Amino acid sequence: MPMIETAPLTLGLVALLAYLLGAVPFGIVMARLFGLGDLRKIGSGNIGATNVLRTGNKPAAFLTLVLDAAKGGIAVLIARVAVGEDAAQLAGFAAFLGHLFPVYLGFKGGKGVATFLGTLLALAWPVGLAACGTWLVVAAALRYSSLSALVAAALSPVWAMVLGHGETAVLAALLAALILVRHAANIRRLIAGTEPKIGRKS
């Protein structure tokens, strides 16, 4: 009887479970729990924490931020303990794709910033902290969530190399590229000067 290669099957299972976890739309869940309505019909229509904040409900926005970050981090940590570092990297990528393209919402998801940061924190916490710090500095100075995300994502591979986590740099660069693509409309509004600032209600 031929031997079954368990590694590819295991990695496939890790990717599937991480994707399904990443696909959970916590923004929509929180909006419904707090009686805010359908988040896809509010503000920008995005399912992330920034759009939840536009409803004026800060607790709902905070919970969305934490849970969207946690699903990436949890996927990484479980995969690392159960299988190994390669599986952790794969799980982070799969969870991120789940948030961007959730099966539960017809593959129409968010922009992945919180999940990106949670994934980085779990993969290499110094890199994650540097990315979070970058986001906070840009947000405090300019009050644009999208610009903060773009700068944090763009610098994350640099932080990975500088901080001695070169094994994370490739994945960080890949996730950053996807964040850039998902923020195409935001980039156009930033250039036009029409991008809404953090905390502005819909």
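**Figure 1. Arg143 in the loop between H7 and H8 of the predicted model.** In this predicted model, Arg143 occupies the loop that lies between H7 and H8. Its phi is near 65°, a positive value in a residue other than glycine. With a relative accessible area of 40%, Arg143 is classed as partly exposed, because the range between 20% and 50% is assigned to that class.

**Figure 2. Phe107 in the loop between H5 and H6.** Phe107 is located in the loop between H5 and H6. The backbone of Phe107 has a positive phi of about 65°, although the residue is not a glycine.

**Figure 3. Helix H6 and the helices that pack against its buried residues.** Helix H6, which spans residues 113-123, is mostly covered, with ten of its eleven residues buried. The buried residues of H6 are Val113, Ala114, Thr115, Phe116, Leu117, Gly118, Thr119, Leu120, Ala122 and Leu123. An α-helix has 3.6 residues a turn, so residues three or four places apart point the same way. The buried residues of H6 pack against five named elements, namely helix H4 (58-82), helix H5 (85-100), helix H7 (125-142), helix H8 (145-162) and helix H9 (166-182).

**Figure 4. Thr64 within helix H4.** Thr64 lies in helix H4 and is buried, its relative accessible area being 0%. A polar atom of the Thr64 side chain is placed 2.8 Å from the backbone oxygen of Ala60. When residues up to four places away in sequence are not counted, Thr64 touches Phe26, Gly27, Met30, Ile47, Gly48, Ala49 and Val52. For a reference distance across the model, Thr64 and Ala153 are 89 residues apart in sequence, and their C-alpha atoms are 19 Å apart in space.

**Figure 5. Glu195 and its side-chain polar contacts.** Glu195 belongs to the segment that comes after helix H10 (184-192), and with a relative accessible area of 7% it is buried. The side chain of Glu195 is joined to that of Ser146 by a polar contact of 2.7 Å, and it also makes a polar contact with the side chain of Arg189, again given as 2.7 Å. Apart from residues up to four places away in sequence, Glu195 touches Tyr144, Ser146, Asn186, Arg189 and Leu190; Ser146 and Arg189 therefore appear in this set as well as in the polar contacts.

**Figure 6. Pro196 in the segment after H10.** Pro196 is found in the segment after H10 and is buried, with a relative accessible area of 15%, a value that falls under the 20% limit for that class. Leaving aside neighbours within four places in sequence, the contacts of Pro196 are with Arg54, Tyr144 and Arg189. Pro196 and Ser146 are separated by 50 residues in sequence, while the distance between their C-alpha atoms is 9.2 Å.

**Figure 7. Leu163 in the loop between H8 and H9.** Leu163 sits in the loop between H8 and H9, and at 37% relative accessibility it counts as partly exposed. Its contacts, without neighbours within four places in sequence, are with Pro126, Val127 and Ala130. Leu163 and Ala124 are 39 residues apart in sequence, and 9.5 Å separates them in space from C-alpha to C-alpha.

**Figure 8. The whole chain as context for the close-up views.** The secondary structure of the protein consists of ten helices and zero strands, and along the sequence the pattern reads α-α-α-α-α-α-α-α-α-α. The radius of gyration is 17 Å, close to the 17 Å that the globule rule gives for 202 residues, so the protein is as compact as a globular protein of that length. Along the principal axes, the C-alpha atoms fill a box of roughly 60 × 40 × 25 Å. Of the 202 residues, 47% are buried, and among contacts with a separation of 6 or more, 63% are made by residues 24 or more positions apart. The protein exposes about 10,000 Å², of which carbon and sulfur atoms supply 72%. The 16 positive and 7 negative charges have mean positions that are 20 Å apart.

Note on methods: Residues are numbered from 1 along each chain as its sequence is written. This is a predicted model: local features need pLDDT of at least 70, side-chain atom pairs count only at pLDDT 80 or more; totals for chains, interfaces and linings use all residues. Side-chain values use heavy atoms; hydrogens and water are left out. Helices (H or I, at least four residues) and strands (E, at least two) are DSSP runs, numbered from the N terminus. The radius of gyration is taken over C-alpha atoms; the globule rule is 2.2 Å times the number of residues to the power 0.38. Buried means under 20% relative accessible area, exposed over 50%, partly exposed in between (1.4 Å probe, protein chains only). Contact means heavy atoms within 4.5 Å. Accessible areas come from the Shrake-Rupley method with a 1.4 Å probe; for residues, only the protein chains shown count as cover. Lys and Arg count as positive and Asp and Glu as negative; His and the chain ends are not counted. The place of a charge is taken as NZ of Lys, CZ of Arg, CG of Asp or CD of Glu. A polar contact is a pair of N or O atoms within 3.5 Å; within protein, one must be able to donate a hydrogen and the other to accept it, and residues adjacent in sequence count only if both atoms are side-chain atoms.
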